[in-house]
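This report goes through one protein model, part by part. Please keep the sequence and the structure in view while reading.

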Amino acid sequence: MDLKGKNVFVTGGVQGIGQAIAYNLTKAGANVFLNYIGNVNTEEVLATHKDNEGKCFISQGDVTNTDDCARNVEEAIEKLGSLDALVNNAGITKDNLFMRMTQAEWDQVLSVNLTGVYNMTKQAIRYFVKAKKGSIVNIGSIVGSSGNPGQVNYSSTKAALIGFSKSLAQELGSRNIRCNVVAPGFIRTAMTDKLNEEQKKALLSKIPMRRMGEAEDIANSVMFLISDVSQYISGTVLHVNGAMY
Ligand code: NAP
């Protein structure tokens, strides 16, 4: 896919699915700006993009912090010159059965997975409105539609992203701004590495395609929704889950 000249912000774009999205974007000629929260060797991240056509920029920033979001988006505009797309990828899990779930586990997951998307979108949207174009891709999850025991907090946030995206798509359609959800099934990343062998076996038996997805499967779907090929697609949920849901 040719995405030459597209400028894209990817939250949490330094590992797992976000890293695959960012890498495939620069490979396709797009320029990316990434943020992250933890201890990241930024030189190492930049090195992975160095042979690709698109440029990569990176800055620390917490999506739950409105000042960080404002600063990150300003930095992105400064480095990239403009912004064509925002990929709200950053997300966390704090799994627990509901009866045992703590207020902190509930609050933290809502704060990153839902308020984080609100914070970043609020900043980016100002530029999209001015430019009269933009594509927002929110990374949801299969469990936002199917539910999952032990993930009442997480699946609530991913379900909320569907309402968020459909409503925003309707509000901003007349301004040529699109908003969609990519809902991954179970993808091989640090997040799913936490599952024990028994859990992984049980999971595989429920996936008709009999394998977990790869981060690249999600990256390809995100690139499609950023590209002009999908210019009439907005307010939709693209499920990428090996026929599991
Ligand atoms: P991951 O490997 O744990 O990566 C999550 C990324 O989010 C990391 O780069 C992390 O930054 C960043 N992040 C977390 N909290 C943040 C914050 N407050 N501010 C900024 N960045 C923050 O997870 P993943 O599996 O790639 O998941 C990526 C997205 O896909 C998430 O939204 C997740 O819910 C969704 N998803 C994943 C799966 C799956 O099977 N893996 C399935 C469905 C949906 P640091 O690197 O600095 O820690």
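A residue counts as exposed when its relative accessible area is over 50%, as buried when that area is under 20%, and as partly exposed in between. By this rule Ala-243, at 54% relative accessibility, is exposed. The model is a predicted one, and the values below are computed from it.

## The sheet

How are the strands of the open sheet ordered? The sheet has seven strands in the order E3-E2-E1-E4-E5-E6-E7, and the pairing is parallel. Strand E3 (56-60) and strand E7 (237-240) stand at the edges; each has a single partner strand, so one side of each is left without a neighbour in the sheet. On average, neighbouring strands of this sheet are turned by 20° against each other, with direction ignored.

Strands of a sheet pair through backbone hydrogen bonds, and the pairing is either parallel or antiparallel. The next section follows the parallel pairs from E1 to E7.

## From E1 to E7

Strand E1 (residues 7-11) runs parallel to strand E4 (residues 85-88), and three bridges join the two. Val-8 has Ala-85 in E4 as its bridge partner, while the partner of Phe-9 is Leu-86 in E4. On its other side in the sheet order, E4 is followed by E5; these two strands run parallel and are joined by four bridges. Ala-85 appears again here, since it stands opposite Ser-135 in E5.

E5 and E6 also run parallel, with six bridges between them. In this pair, Gly-134 stands opposite Ile-177 in E6. The pairing of E6 with E7 is parallel too and extends over four bridges. There, Ala-183 stands opposite His-239 in E7.

## Buried strands and a helix across them

Which way do the residues of E4 point? Ala-85 and Val-87 point one way from the strand, and Leu-86 and Asn-88 point the other way. These four residues are all buried.

E6 is mostly covered, with eight of its eight residues buried. Both of its faces are covered: Ile-177, Cys-179, Val-181 and Ala-183 lie on one side, and Arg-178, Asn-180, Val-182 and Pro-184 on the other. Helix H9 (residues 215-226) lies across E1, E4, strand E5 (134-139), strand E6 (177-184) and E7. The helix runs at about 165° to E6.

## Two buried residues

Thr-11 is found in strand E1. Its relative accessible area is 1%, so Thr-11 is buried under the 20% limit. Leaving aside neighbours within four places in sequence, Thr-11 is in contact with Asn-35, Val-63, Leu-86, Val-87, Asn-88, Asn-89, Ala-90 and Met-120. Of these contacts, Leu-86, Val-87 and Asn-88 are buried residues of E4.

Asn-153 is found in helix H6 (residues 152-172). Is Asn-153 buried or exposed? With a relative accessible area of 0%, Asn-153 is buried. Not counting residues up to four places away in sequence, Asn-153 touches Lys-94, Met-101, Glu-105, Trp-106, Val-109 and Leu-110. Asn-153 and Leu-110 are 43 residues apart in sequence, but their C-alpha atoms are 7.1 Å apart in space.

## Two residues with positive phi

Most residues other than glycine have a negative phi. Lys-132 has a positive value, with phi near 55°. Lys-132 is placed in the loop between helix H4 (103-131) and E5. Its relative accessible area is 60%, so Lys-132 is exposed.

Ala-243 has a positive phi as well, near 70°. This residue lies in the segment after E7. As stated at the start, Ala-243 counts as exposed, at 54% relative accessibility.

## The second largest pocket

Rolling a probe the size of a water molecule over the atoms shows where empty space is left. How much space lies in the second largest pocket? The volume is about 180 Å³.

The lining of this pocket consists of Lys-6, Asp-84, Lys-133, Gly-134, Ser-135, Asn-176, Arg-178, Ile-226, Ser-227, Asp-228 and Gln-231. By class, one lining residue is nonpolar, five are polar and five are charged. Several of the residues met above return in this lining: Gly-134 stands opposite Ile-177 in E6, Ser-135 in E5 stands opposite Ala-85, and Arg-178 is one of the buried residues of E6.

Key:
Residues numbered from 1 in each chain as written. Predicted model: local features only at pLDDT ≥ 70, side-chain atom pairs only at ≥ 80, totals over all residues. Heavy atoms only, no water. Pairing = 2+ DSSP bridges. Axes fitted to C-alpha atoms, helices over the stretch in contact; angles between N-to-C directions. Contact = heavy atoms within 4.5 Å. 1 Å grid on protein atoms, 1.4 Å probe; cavity = no way out; pocket = protein on both sides within 12 Å on 5 of 7 lines; lining within 4 Å. Points joined across faces, edges and corners; volume = space filled by probe spheres on them. Nonpolar A, V, L, I, M, F, W, Y, C, P; charged D, E, K, R; others polar. Buried < 20%, exposed > 50% of the residue type's maximum accessible area, 1.4 Å probe, protein only.
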